[in-house]
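The following note sets out some points for a student who is reading this structure for the first time. Please keep the sequence and the model in view while going through them.

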Amino acid sequence: HFDEQGFMPIAMVCNFPTVACFQAGYQEILSCLKESEVVEVDSQNETMRCRENPQKWVFPNPPPRWIKQAPPPPAPAVPPPPLAASMPLASAGGAALHEGA
């Protein structure tokens, strides 16, 4: 799962059973990794790699660089149609409410 530069997603590491058993939150793990002398953290892409000889862990023909994509923008809010437009019109042959009935 290492990319061509030896980085892997931090989220993947958080799912390792040994890491998950600590029940630490993602941000807490990220913060601890940033202080590490053993791993290098790319905060923008939320990836990490060994500081010393990261290419050691890369398999032949690795995937391209892990790049975190921005979440898609929220869909624009569509206002509901006006109440009158959403009500069916009464036709001459159909049942309709009559005033004074």
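1. Arginine 49 is a suitable place to begin. With a relative accessibility of 18%, arginine 49 counts as buried, because the limit for that class is under 20%. This residue lies in strand E3. It should be kept in mind that the model is a predicted one.

2. What does the side chain of arginine 49 reach at 2.8 Å? It reaches the backbone oxygen of glutamine 5. Once neighbours within four places in sequence are left aside, the contacts of arginine 49 are Gln5, Gly6, Phe7, Val38, Val39, Glu40 and Pro54. As for isoleucine 10, 39 residues away along the chain, its C-alpha atom is separated from that of arginine 49 by 9.3 Å.

3. The confidence of the prediction deserves attention. The mean pLDDT of the protein is 80, and 81% of the residues reach 70 or more. Confidence is highest in strand E2, at 94, and lowest in helix H4 (residues 83–86), where the mean is 60.

4. The overall plan is as follows. The protein has four helices and three strands. Read from the N terminus, its elements follow the order β-α-α-α-β-β-α.

5. The three strands form an open sheet, in the order E1-E3-E2, with antiparallel pairing. Strand E1 (8–9) and strand E2 are at the edges; each has a single partner strand, so one side of each has no neighbour in the sheet. As general background, the strands of a sheet pair through backbone hydrogen bonds, in either a parallel or an antiparallel manner.

6. The individual pairings can be followed residue by residue. Strands E2 (residues 39–42) and E3 (residues 47–50) run antiparallel and are joined by four bridges. Within this pairing, valine 41 has methionine 48 as its bridge partner, and valine 39 has cysteine 50. Strands E1 and E3 also run antiparallel, joined by two bridges. Here the bridge partner of methionine 8 is methionine 48. Methionine 48 is thus named as a partner of both valine 41 and methionine 8.

7. Where does a positive phi near 50 degrees occur in the hairpin of E2 and E3? It is found at glutamate 46, and the hairpin has four residues between its strands.

8. The largest nonpolar core has nine residues: Met8, Ile10, Val13, Cys14, Ile29, Leu30, Leu33, Val39 and Met48. Helix H1 (10–14) and helix H3 (26–34) each provide at least two residues of this core. One core member, isoleucine 29, touches Cys14, Val19 and Ala24 when residues up to four places away in sequence are not counted. In general, nonpolar side chains tend to be buried together in soluble globular proteins.

9. The cysteines invite a question: how many disulfides does the structure hold? The number is zero. Cysteine 21, at 54% relative accessibility, counts as exposed because the limit for that class is over 50%. Cysteine 50, at 24%, counts as partly exposed, because its value falls between the limits for buried and exposed.

10. Two totals complete the note. Of the 101 residues in the protein, 20% are buried. Among contacts with a separation of 6 or more, residues 24 or more positions apart account for 50%.

Note on methods. Residues numbered from 1 in each chain as written. Heavy atoms only, no water. Pairing = 2+ DSSP bridges. Buried < 20%, exposed > 50% of the residue type's maximum accessible area, 1.4 Å probe, protein only. Polar contact = N/O pair within 3.5 Å; in protein donor to acceptor, adjacent residues only side chain to side chain. Contact = heavy atoms within 4.5 Å. pLDDT = per-residue confidence, 0-100. Core = buried A, V, L, I, M, F, W, Y, C linked by side-chain atoms within 4.5 Å. Disulfide = S-S within 2.5 Å.
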